[in-house]
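Here are my notes on this model, point by point. Please read them with the structure open.

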Amino acid sequence: MSTTITLTEAAALQIKDMMKHNGEENAYFRFSINGGGCSGLSYGMSLDHEKSDTDTFFEQFDIPVVIDKESAPLLTGTVIDYKQSLMGGGFTIDNPNALVSCGCGSSFRTAKVEGTPEKC
């Protein structure tokens, strides 16, 4: 199965560190889309021990990645990176399907899916 998202090496290293720190080396990295946020949709990242038969599954940098079937079409072409700065570090998400994004970059809307916007 083809990959929906791309993890950069920096993001993969951060995810591996988080897995090790939490004793979750055998978990899947689950990336998803949820309703909410200023623009209607928000990203979700978690460690999961189960995957569904309908999940998209692939590995990058030895990290098992799962994406649910509802989120996958909205994430095609997405790049997840990790940036470090003087103010700290954090994941960045570049989703070519996002038409509108909020200022914090964690909420968005696509041409076909508006989600459920919340007041900020």
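**Notes on the predicted model**

1. Start with a turn. Strand 4 and strand 5 make a hairpin with two residues between the strands, and Phe61 in that hairpin takes a positive phi near 50°. Keep in mind throughout that this is a predicted model.

2. The two strands of that hairpin are antiparallel. Strand 5 covers residues 63–67, and five bridges pair it with strand 4. One point to check on screen is Thr56, which stands opposite Ile67 of strand 5.

3. Next, the two faces of strand 4. In a regular strand, side chains alternate between the two faces of the sheet. Here the covered face of strand 4 holds Thr56, Phe58 and Gln60. The uncovered face holds Phe57 and Glu59.

4. How exposed is Phe57? Its relative accessibility is 29%, so Phe57 counts as partly exposed: the value lies between the cut-offs of 20% for buried and 50% for exposed.

5. Phe57 has ring and charge partners. A search of the whole structure returns four aromatic pairs. One of them joins Tyr28 and Phe57 edge-to-face, with 5.9 Å centre to centre and 90° between the planes. This pair links distant parts of the chain, since Tyr28 belongs to strand 2 (residues 28–35) and Phe57 to strand 4 (residues 56–60), 29 residues apart. In addition, Lys51 lies over the face of Phe57, 4.9 Å from the ring centre.

6. A stacked pair comes next. Phe29 and Phe31 are stacked, with 6.5 Å centre to centre and 15° between the planes. Phe29 is buried, and Phe31 is buried too. Ring pairs also bring in Tyr43, giving a cluster of Phe29, Phe31 and Tyr43.

7. Now the overall layout. The protein has two helices and nine strands. Along the sequence the pattern reads β-α-β-β-β-β-α-β-β-β-β. The protein has 120 residues, and 38% of them count as buried. Its accessible surface is about 7200 Å², and carbon and sulfur atoms account for 50% of that.

8. Contact range is worth noting. Take the contacts between residues at least 6 apart in sequence: 57% of them join residues at least 24 apart.

9. One open sheet has three strands, in the order 1-6-7, with mixed pairing. Which strands stand at the edges? They are strand 1 (5–7) and strand 7 (88–94). Each has a single partner strand, so one side of each is left without a neighbour in the sheet. From one strand to the next, the twist averages 25°.

10. The mixed pairing can be traced strand by strand. Strand 1 and strand 6 run parallel and are joined by three bridges. Leu7 has Ile80 of strand 6 as its bridge partner. Strand 6 (residues 78–85) and strand 7 are antiparallel, with seven bridges. Val79 stands opposite Asp94 of strand 7. Strand 6 and strand 7 also form a hairpin, with two residues between them.

11. A helix goes with this sheet. Helix 1 (residues 9–21) lies across strand 1, strand 6 and strand 7. Relative to strand 6, helix 1 runs at about 75°.

12. Look at the segment before strand 1, where Thr4 lies. Is Thr4 buried or exposed? Its relative accessible area is 11%, under the 20% cut-off, so Thr4 is buried. Leaving aside neighbours within four places in sequence, its contacts include Thr56 and Phe58. Ile67 is another contact of Thr4. Further along the chain, Thr4 is in contact with Ala72, Leu75, Thr76, Gly77 and Thr78. Two of the residues named here, Thr56 and Phe58, also appear on the covered face of strand 4.

13. Last, a loop. Asn22 sits between helix 1 and strand 2. At 49% relative accessibility, Asn22 counts as partly exposed, because the exposed class needs over 50%. The C-alpha atoms of Asn22 and Leu47 are 9.6 Å apart, while 25 residues separate the two along the chain.

How values were computed:
Residues numbered from 1 in each chain as written. Predicted model: local features only at pLDDT ≥ 70, side-chain atom pairs only at ≥ 80, totals over all residues. Heavy atoms only, no water. Phe/Tyr/Trp six-rings, centres within 6.5 Å; stacked < 30°, edge-to-face > 60°. Helix = DSSP H or I, 4+ residues; strand = E, 2+ residues; numbered from the N terminus. Buried < 20%, exposed > 50% of the residue type's maximum accessible area, 1.4 Å probe, protein only. Lys NZ or Arg CZ within 6 Å of the ring centre and 35° of its normal. Contact = heavy atoms within 4.5 Å. Areas by Shrake-Rupley, 256 points an atom, 1.4 Å probe, with all protein chains shown as cover. Pairing = 2+ DSSP bridges. Axes fitted to C-alpha atoms, helices over the stretch in contact; angles between N-to-C directions.
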